[in-house]
Amino acid sequence: MAKGKFKHKPTGERTFSTPEEIAAGTSADRPRTLKKQAEKDVYDRRGEPEEEEESEDFAKPKHKGTEGLIEIENPNLVKPKNIKAKDIDIGKTTDISRREREELEKQKSHERYMKLQEQGKTEQARKDLDRLALIRQQRAEAAKKREEEKAAKEERKAEARK
């Protein structure tokens, strides 16, 4: 009779390989390779050509459902090709979209404007340079005035000592 509400199943038991089993190659990890071997046997029975080990370059993609049986030509399902750097044709020009073209023109015009700005040829650059000249002049006048006041103060101190 069962002792309690639940049945006790031996699902949590662990099995460990002994050093002899490992050396003999009959450890608990072997069933995985047996499963692969069984799959090869199934393919052999169907009459398909036997392939030893497929390299990763030539691996066939696995299809879902009837996808492998029915060939469809949906342009939206075209997968992009991976192109290697050595295969790229440098001389080939690609058509760019209107947005990309406008973006490039915008960047080039901005670079041109900044180059002219640095040379002082734009209206804004001239205004900035005039403003800077005016500020420099004001600072020079203020510095000259401070020097005169400082000299006058020292003269007064020298007269007061005499």
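How many helices and how many strands does the secondary structure of the protein chain come to? Colour the chain by secondary structure and you'll get four helices and zero strands. Read from the N terminus, the order is simply α-α-α-α. Keep in mind as you click around that this is a predicted model.

**Stop one: the whole chain**

Switch to colouring by pLDDT. The mean for the protein chain is 77, and 67% of the residues reach 70 or more. Now go element by element: α2 has the lowest mean pLDDT, at 59, while α4 has the highest, at 94. Next, put a surface on everything. About 17700 Å² of the chain is exposed, with carbon and sulfur atoms supplying 51% of that. As for burial, just 2% of the 162 residues count as buried.

**Stop two: the loop between α2 and α3**

Select Leu69, Ile70, Ile72 and Leu77. You're looking at a nonpolar patch on the surface, and together these residues have about 470 Å² of accessible area. Zoom in on Ile72, which sits in the loop running between α2 (31-46) and α3 (98-119). Is Ile72 buried or exposed? Ile72 counts as exposed because its relative accessibility is 58%, and the cut-off for that label is over 50%.

**Stop three: a salt bridge in α3**

There are two salt bridges to find in this model. For one of them, show the side chains of Arg98 and Glu102, which meet at 3.2 Å, N to O. Look along the helix axis here: Arg98 and Glu102 are four residues apart in α3, so about one helical turn separates them. Neither partner is hidden away: Arg98 is partly exposed at 49% relative accessibility, and Glu102 is partly exposed too, with a relative accessible area of 40%.

**Stop four: a salt bridge in α4**

Move on to Arg131 and Asp128. Here the closest N and O atoms of the salt bridge are 3.0 Å apart. Both residues belong to helix α4, and the spacing is three residues, about one turn of the helix. How exposed is each partner? Arg131 has a relative accessible area of 48%, so Arg131 is partly exposed. Asp128 is also partly exposed, with a value of 26%; the buried label would need a value under 20%.

**Stop five: the positive patch**

Stay with the surface on and select Lys153, Arg156, Lys157 and Arg161. These four gather in a patch of positive charge. Centre on Arg161, a residue of helix α4, which spans residues 123-161. Arg161 is exposed, with a relative accessible area of 73%. While you're here, recall the confidence colouring: α4 is the element with the highest mean pLDDT, 94.

**Before you close the viewer**

A handy set of selections to save: the nonpolar patch of Leu69, Ile70, Ile72 and Leu77, the Arg98 and Glu102 salt bridge, the Arg131 and Asp128 salt bridge, and the positive patch that includes Arg161.

Note on methods. Residues are numbered from 1 along each chain as its sequence is written. This is a predicted model: local features need pLDDT of at least 70, side-chain atom pairs count only at pLDDT 80 or more; totals for chains, interfaces and linings use all residues. Side-chain values use heavy atoms; hydrogens and water are left out. Patches are made of residues with over 30% relative accessible area and no salt bridge: like charges are joined within 9 Å, nonpolar side chains (Val, Leu, Ile, Met, Phe, Trp, Tyr) within 5 Å. Accessible areas come from the Shrake-Rupley method with a 1.4 Å probe; for residues, only the protein chains shown count as cover. Lys and Arg count as positive and Asp and Glu as negative; His and the chain ends are not counted. The place of a charge is taken as NZ of Lys, CZ of Arg, CG of Asp or CD of Glu. Helices (H or I, at least four residues) and strands (E, at least two) are DSSP runs, numbered from the N terminus. Buried means under 20% relative accessible area, exposed over 50%, partly exposed in between (1.4 Å probe, protein chains only). pLDDT is the predictor's confidence in each residue, from 0 to 100.
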